[in-house]
Amino acid sequence: MSIDRALRLAAEADLDLVEVAPNSKPPVAKIMDYGKFKYEAAQKAKEARRNQANTVLKEVRFRLKIDTHDYETKTKRAIGFLSQGDKVKAMIQFRGREQSRPELGVRLLQKFSEDIAEFGTVESNPRIDGRNMVMVIAPLRNKSDAKAEQNARRAEEKAHRRAERSGTDSTAAPESPDEAAASDSETASE
């Protein structure tokens, strides 16, 4: 189709002639509303940025002589981070003579990795970094999947709350003044 004819068709339809693929042979053009096209492209880009998920490295710190309850609390915290799709950096801080016993730190981190094995995998094995021993654990689910699941759960809860609210409002119809007076006199006579 000639350029003049395409321009005339676009003008008749009150639309724009937009070159879609200028490098192809022959060049490809489309008749469309260019303002609407730019707006929709911007909305798609905005939605993509909103749904983009950045994996964050969360840190859980231990001491070598950690009590069982403290250990369980730290483990639950790490499981929460992993279920949200974040990586976890497990760190043991050595103090004083504890530095001469790194095998105890390795044992503690191995126990930690076994306890959270169903939520994440060990990305880097325990290594000594100055006075600390560090291990990184990656989640089994990626951040975008966890975020999508969380958004779906929120939407479901919101719909459930709306249904409950609309259900209770419609069933509790207000009484007429005569019915209210009759029920009051009945309760008074009893």
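This report describes the fold, two packed helices, selected loop residues and the largest pocket of a predicted model.

## Overall architecture

The protein chain of this predicted model contains six helices and six strands, and these elements follow one another along the sequence in the pattern α-β-β-α-β-α-β-α-β-β-α-α. Of the 190 residues in the chain, 19% are buried. When contacts with a separation of 6 or more are considered, 56% of them join residues that lie 24 or more positions apart.

## Helix H3

Helix H3 runs over residues 68–83, and its 16 residues reach 22 Å from the first C-alpha to the last, close to the 22 Å expected at 1.5 Å a residue. Its buried residues are Tyr71, Thr75, Ala78, Phe81 and Leu82. Because these residues cover an arc of only 120 degrees around the axis, they are placed on the same side of H3. In general, an α-helix has 3.6 residues a turn, so residues three or four places apart point the same way. The other side of H3 carries the exposed residues His69, Lys76 and Arg77.

The partners of the buried residues of H3 are strand E3 (57–63), strand E4 (87–93), helix H4 (102–115), strand E5 (120–129) and strand E6 (132–139). Thr75, which is found in helix H3, counts as buried because its relative accessibility is 9%, where the cut-off for a buried residue is under 20%. Leaving aside neighbours within four places in sequence, Thr75 is in contact with Phe112, Asp115 and Ile116. After the helix comes Gly85, whose phi is positive, near 95 degrees.

## Helix H4

The 14 residues of H4 should span 20 Å at 1.5 Å a residue, and the end C-alpha atoms of H4 are indeed 20 Å apart, in agreement with that expectation. Within H4, the residues Gly105, Leu108, Leu109, Phe112 and Ser113 are buried. They occupy an arc of only 140 degrees around the axis, and therefore lie on the same side of H4. Arg107 and Glu114 are exposed on the face of H4 that is turned away from its buried side, while the buried residues of H4 pack against E3, H3, E4, E5 and E6.

Leu108, a residue of helix H4, counts as buried because its relative accessibility is 12%. If residues up to four places away in sequence are not counted, Leu108 touches Phe62, Arg63, Leu64, Ile66, Tyr71 and Ile92. One of these partners, Tyr71, also belongs to the buried residues of H3; the C-alpha atoms of Leu108 and Tyr71 are separated by 9.8 Å, although the two residues are 37 residues apart along the chain.

## Loop residues

Gln99 is found in the loop between E4 and H4, and with a relative accessibility of 39% it counts as partly exposed. Apart from its neighbours within four places in sequence, Gln99 is in contact with Phe94 and Arg131. The C-alpha atoms of Gln99 and Arg131 are separated by 6.9 Å, while the two residues stand 32 residues apart along the chain.

Two further loop positions have backbone features that deserve mention. Asp14, in the loop between H1 and E1, has a phi near 60 degrees, a positive value in a residue other than glycine; Asp14 is exposed, with a relative accessible area of 69%. Pro26 is placed in the loop between E1 and E2, and the peptide bond that leads from Lys25 to Pro26 is cis, with omega near -15 degrees.

## The largest pocket

The largest pocket has a volume of about 280 Å³, and its lining is formed by Met1, Ser2, Ile3, Ala6, Leu17, Glu19, Pro26, Pro27, Ala29, Lys30 and Ile31. The elements that give two or more residues to this lining are helix H1 (3–12), strand E1 (16–21) and strand E2 (28–32), and E2 gives the most, with three residues. Pro26, the residue that follows the cis peptide bond, is among the lining residues.

By class, the lining of the largest pocket has eight nonpolar residues, one polar residue and two charged residues.

Conventions
Residues numbered from 1 in each chain as written. Predicted model: local features only at pLDDT ≥ 70, side-chain atom pairs only at ≥ 80, totals over all residues. Heavy atoms only, no water. Helix = DSSP H or I, 4+ residues; strand = E, 2+ residues; numbered from the N terminus. Expected span 1.5 Å × (residues − 1). Buried < 20%, exposed > 50% of the residue type's maximum accessible area, 1.4 Å probe, protein only. Arc of directions from axis to C-beta. Contact = heavy atoms within 4.5 Å. 1 Å grid on protein atoms, 1.4 Å probe; cavity = no way out; pocket = protein on both sides within 12 Å on 5 of 7 lines; lining within 4 Å. Points joined across faces, edges and corners; volume = space filled by probe spheres on them. Nonpolar A, V, L, I, M, F, W, Y, C, P; charged D, E, K, R; others polar.
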